[in-house]
Amino acid sequence: MRTLTIADNWKDWKFGDTDAVMTFNAQNDGQTPDFTNKTLTFKIADSAASTPDNPKDYVASAAGYVENNKVLLKTEDVKTLTPGTYSVELWVMDNSTEKNAIYPSKGFAFFSIEENTMKVSDITNVPSKTLEAIYADLKQQVGAIKKGSQGEPGKTPKIVMGSVTKLSPDAQPSATLVPLQSDPNTYTLNLQLPQGVQGEQGLQGIPGVGSKGLDGNNGLTPTIDPKTKHWMIGGTDTGVIAEGQAGKDADPSKYVTIVSFNQLRQQVQDNATALDVLQKSAVNKDLQTQIANLTSQVTDLTAQVKALQEAKSDTAKLDEPAKSDNKDDQSAKSDTPASSADSPSTPASSSTTTPDSTPASSAPATNASSASTSETSASSAVQ
């Protein structure tokens, strides 16, 4: 929020005092703004003229000067104001964007102009005694004037165009000359001009009347030359072939015909159907049962063979004769014919030989072979 306060030292001054300076403090959210490259203008309105229909009567404007972060308003710039109370705003325009910031955001700052002893505020109605006093004062001042030495030629001021602010149609026009801080002899002219009242809409103009243009010439219809097959426009050969070139025949070896594809697809479907039927058939289930039974028999026979081999090994150790330390006995034993106990095989062992040489093991081997053959046949049928 923007605020604008005036110091009490020159808040009130008398009419005709052109050597006073009013000091204003402008703040933006509690911070002093940067007035670099800004144009400062005080807008002044007569508070005494405020009415419900016309709250403020704009009467004057004056330049603002920056000094020690304060904004100064010189009384000589508002010397035309008559005694009374005035409300004031500070307009800060950015010279780059030409946007205005108005201080304060709410309400106004106020100063008063008091009457002086001459009580002259309206030059059209001056009392005779006052005129006599003014005349005597002027006569005294003229008598005291002495011709001095000629002064130095003054500098011609430079005026550059500043901003032009558009006001409402009922506003008063105004202009300000603001000296540049970098060059006091150069002034920026800022204009505040009211917008003109919008005029009445003019009469509608008469519709224009035009004549119809001439028909254009018929265009050329393109044709195709029967010999060259080129596009012809009029009698000009464009060289552009109007017919497409014949393409190359396709290589049948790189493609599968529809008939072959359908045959392959039907064959796959038939095989899949036959396989599914075979897997679900009772015969297949019987084969799987037979294979399981044969596998169980082979396992049992293998266990029996292993037990017989171990029994044979133990019998051989029990029938082995004891060794003797008498060499004569050993010699006599060697001359005696071998008994039946020394035979390399016994009736018990003849029936319990290894599966590769005895009849007892031939049956399990045959059954295992049959089971293996049956399992192979069943597996082939499934495939």
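Visitor: Which strands each supply at least two residues of the lining of the largest cavity?

Guide: This is a predicted model, in which local features need a pLDDT of at least 70, side-chain atom pairs count only at pLDDT 80 or more, and totals for chains, interfaces and linings use all residues. Residues are numbered from 1 along each chain as its sequence is written, and side-chain values use heavy atoms, with hydrogens and water left out. A cavity is a set of points on a 1 Å grid over the protein atoms alone where a 1.4 Å probe fits but cannot get out, and its lining residues have an atom within 4 Å of a point. Among strands (DSSP runs of E of at least two residues, numbered from the N terminus, as are helices, runs of H or I of at least four), those that each supply at least two lining residues are E4, E8, E11 (158-167) and E13 (186-194).

Visitor: Which element gives the most to the lining of the largest cavity?

Guide: About 90 Å³ of space lies in this cavity, and its lining includes Thr39, Thr41 and Lys43 as well as Trp91 and Met93. With three residues, the element that gives the most to the lining is E4.

Visitor: Is threonine 176 buried or exposed?

Guide: Threonine 176 is found in strand E12, residues 174-179, and, leaving out residues up to four places away in sequence, it touches Thr41, Asn190 and Gln192, among others, where contact means heavy atoms within 4.5 Å. Buried means under 20% relative accessible area, exposed over 50% and partly exposed in between, using a 1.4 Å probe and protein chains only. Because its relative accessibility is 4%, threonine 176 counts as buried.

Visitor: Which element gives the most to the largest nonpolar core?

Guide: A nonpolar core is a set of buried Ala, Val, Leu, Ile, Met, Phe, Trp, Tyr and Cys residues joined through side-chain atoms within 4.5 Å. The largest one has 26 residues, and those with the most contacts inside it are Phe24, Leu81, Leu90 and Phe111. The elements giving two or more residues include strand E3 (21-28) and strand E8 (84-94), and with four residues the one that gives the most is E8.

Visitor: How many contacts, beyond near neighbours in sequence, does the stretch 326-383 have in the model?

Guide: The mean pLDDT of the chain, pLDDT being the predictor's confidence in each residue from 0 to 100, is 76, and 70% of the residues reach 70 or more. Over residues 326-383 the pLDDT is below 50, and the number of contacts this stretch has in the model, beyond near neighbours in sequence, is 30.

How values were computed
1 Å grid on protein atoms, 1.4 Å probe; cavity = no way out; pocket = protein on both sides within 12 Å on 5 of 7 lines; lining within 4 Å. Points joined across faces, edges and corners; volume = space filled by probe spheres on them.
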